[in-house]
Amino acid sequence: MLNTAAKTEAPGAEQELTDGFHLIIDALKLNDVKTIYGVPGIPITDFGRMAQASGIRVLSFRHEQNAGYAASIAGYLTKKPGVCLTVSAPGFLNGLTALAHATTNCFPMILISGSSEREIVDLQQGDYEEMDQLAIAKPLCKAAFRVLHAQDIGIGLARAIRAAVSGRPGGVYLDLPAKLFGQVMNAEAGKKSLVKVIDAAPAQIPAPASIKRALDVLKSAKRPLIILGKGAAYAQADNDIKAFVEKSGAPFLPMSMAKGLLPDLHPQCAGAARSTVLKDADVVMLIGARLNWLLSHGKGKTWGEAPKKFIQIDIEPKEMDSNVEIVAPVVGDIGSCVSALLEAMGGNWPAPPADWLNAVKTKRDDNVAKMAPRLMNNNSPMDYHGALGVLRTIVKERPDAILVNEGANTLDLARGVIDMHQPRKRIDVGTWGVMGIGMGYAIAAAIETGKPVLCVEGDSAFGFSGMEVETICRYKLPVCVVIFNNDGIYRGTDVNSAGADPATTVFVKGSRYDKMMEAFGGVGVNATSPDELKRAVNAAMDSGKPTLINAVIDPAAGSESGRIGNLNPQSALKKK
Ligand SMILES: Cc1ncc(C[n+]2csc(CCOP(=O)(O)OP(=O)(O)O)c2C)c(N)n1
Ligand SMILES: [Mg+2]
């Protein structure tokens, strides 16, 4: 039903009218958009109210960047574009980081921003929040559109949806000038102008020859390895991917957000033997994973001396040969590619050589055994391993909870320690290693999945989105935030050798982040030992009450930049 705006007297006959406000809402609803993440203000305040009144869930945040991150991960979790709504210039810019993040991470998202009067903006006459937003957004997203006329709203939104989800998903910017909202048109014509997007992300079937080539290379392997990326997790082709990996018999390595696509405790999982499999594999099949910095670009020390052949499955043809030669490119959507591979493998696919499987298993079991005692310590103040050992058990007992994770040591160590058991349950800093996704991701994960959310946050990481604990309390979301509070970035022990100011990486010692949650009616807990932490997290996960646990971590426990300290440039001059 069209949400008709008004009836007015037209000369001769009564005409039903609609307007931009209602057409945008009708277009969103027609395309099944159920949630908008944003911050209100001119010119979109009334639009947000009307959208809410029409039944769309409109979640108001404290900062657009967090709303944007929420929309981006909503896109990842649902395969539908997550929508973020902002005001013009500053609100738009605040949302833009998340839009660029969505594009980089291949998450479908639409940033809708109100904008100021075109005539004034284009003549640069100093309008309220003047900015040529479309031009600024363009290089940072997959596509950018502006709608000037009410009759184009349907087409504008359809283009935005298609651009966001088809092919390699990404961020799309939709510019809606203030004047558009109030533009009036005939209701019947308005209704006809709306577009329901049919098959927004059409299957892209791989060429049969590419499937055969890939399987020939995989079959020739003496030491095969499959790497699963978050593209594979996004595809929601979980059963086929599992069947394919199991049929291949090859060890698999999940990238961070692909953990749980097959359980981390699966016998073929080589997560705990990462350096061995990367060094020694002779054939590597990438499924929805890119050979970017996170995989050391497919070359160098990490990849060892053994010559490698790469098979790559990706929806984006330009991804092939991006860093090293791909001997068997398979271009198509992951679901179609994996099901084609499965079918072409036939009934008697040979198992990989036993010496390879045994070597990987031995390494993995050794590493797991080495780690085990460290995870059981009950030290106070806690170290990372003691705290993470507890959280690992909690996640194992609650496999459908969503884990949000950011920080440096807090990220790298949690990724290694906390096993994931189901697909798309781990969401984290992604391709950029960005801080600030935490509370936005947590809110969207709770809203989109209805599952409890556990956030494991460095104290610095949390600071980027910390004010959204009010949002969590306001919407009464089942989110438990655990802050690994080591008094700073990487460590809390740095000293400024030159003056009175604190060192650049340290924060106020002994901060009590738990009090922030209490300020908004949530539960705050200060935990100084793994036992206390365990009790507090279990209570939070059972109650579903917004909770923030300040987990006191030894300030000396971390290392510079976590596991990626090697990326820091070094001064050629000797330290004084
Ligand atoms: C937007 C953004 N700004 C800055 C950084 C640099 N950075 C990387 S990790 C990090 C914080 C690490 O400290 P914390 O979250 O407390 O984790 P810890 O290592 O102390 O456990 C920062 C600021 C970043 N990745 N992203
Ligand atoms: Mg810290």
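**A friendly walk through the model**

Reader: Where is D321 found?
Author: Helices (H or I, at least four residues) and strands (E, at least two) are DSSP runs, numbered from the N terminus. With β13 (309-314) on one side and β14 (328-331) on the other, the place of D321 is the loop between β13 and β14.

Reader: Before we go on, what sort of model is this?
Author: Residues are numbered from 1 along each chain as its sequence is written, while chains are lettered from A and ligands numbered from 1 in the order in which they are written. Side-chain values use heavy atoms, with hydrogens and water left out; local features need pLDDT of at least 70, side-chain atom pairs count only at pLDDT 80 or more, totals for chains, interfaces and linings use all residues, and the model is predicted.

Reader: Back to D321: is it buried, exposed or partly exposed?
Author: Buried means under 20% relative accessible area, exposed over 50% and partly exposed in between, with a 1.4 Å probe and protein chains only. The relative accessible area of D321 is 47%, so this residue counts as partly exposed.

Reader: What is phi of D32 near?
Author: D32 is found in the loop between α1 and β3. Because its relative accessible area is 35%, D32 is partly exposed. Phi is positive here although the residue is not glycine, with a value near 70 degrees.

Reader: And helix α1 itself, how many of its residues are buried?
Author: Helix α1 spans residues 20-30. Among its buried residues are G20, F21, H22 and L23. The helix is mostly covered, and of its 11 residues the buried ones number nine.

Reader: Which residues donate to the magnesium ion (ligand 2)?
Author: Donors are N, O and S atoms within 2.8 Å of the metal (3.2 Å for Na, K and Ca), and since water is not among the atoms, sites may look incomplete. In sequence the donor residues are spaced D-x26-N-x1-G, and both N486 and G488 are buried. At 2.0 to 2.1 Å from the ion, the protein donors are D459 (OD), N486 (OD1) and G488 (O).

Reader: Which helix gives the most to the shell around ligand 1?
Author: A residue is near a molecule or strand if one of its heavy atoms lies within 4 Å of it. There are 17 residues around ligand 1, and Y384, N409, T410, G433 and D459 are the closest. Helices α17 (409-417) and α19 (459-463) each supply at least two residues of this shell; the one that gives the most, with three residues, is α19.

Reader: What share of ligand 1 does the protein bury?
Author: A polar contact is a pair of N or O atoms within 3.5 Å; within protein, one must be able to donate a hydrogen and the other to accept it, and residues adjacent in sequence count only if both atoms are side-chain atoms. Oxygen atoms of ligand 1 lie 2.8 Å from a polar backbone atom of N409 and 2.6 Å from a polar side-chain atom of T410. Taken alone, the ligand exposes 590 Å², and the share of that buried by the protein is 77%. These areas come from the Shrake-Rupley method with a 1.4 Å probe, and for residues only the protein chains shown count as cover; the share is 77%.

Reader: What kind of pair do the rings of Y37 and F61 form?
Author: Rings of Phe, Tyr and Trp (its six-membered ring) pair if their centres lie within 6.5 Å; planes under 30 degrees apart count as stacked, over 60 as edge-to-face and the rest as tilted. By this rule there are nine aromatic pairs. The centres of the Y37 and F61 rings are 6.1 Å apart and their planes lie at 65 degrees, so the pair is edge-to-face.

Reader: How many residues apart are Y37 and F61?
Author: This pair links distant parts of the chain. Y37 sits in strand β3 (residues 35-38) and F61 in the loop between β4 (57-60) and α3 (64-78), and the two are apart by 24 residues.

Reader: Is W303 buried or exposed?
Author: The rings of W303 and F310 have centres 5.3 Å apart and planes at 70 degrees, so they too make an edge-to-face pair. F310 has a relative accessible area of 4%, so it is buried. At 2% relative accessibility, W303 counts as buried.

Reader: Which residue has a side chain in polar contact with that of R118?
Author: R118 has its place in helix α5 (residues 118-122). Its relative accessibility is 10%, so R118 counts as buried. At 2.4 Å, the partner in the side-chain contact is D122.

Reader: Last one: which residue does the cis peptide bond from I42 lead to?
Author: Omega of this bond is near 10 degrees. The residue it leads to is found in the loop between β3 and α2 (45-53), and its name is P43.
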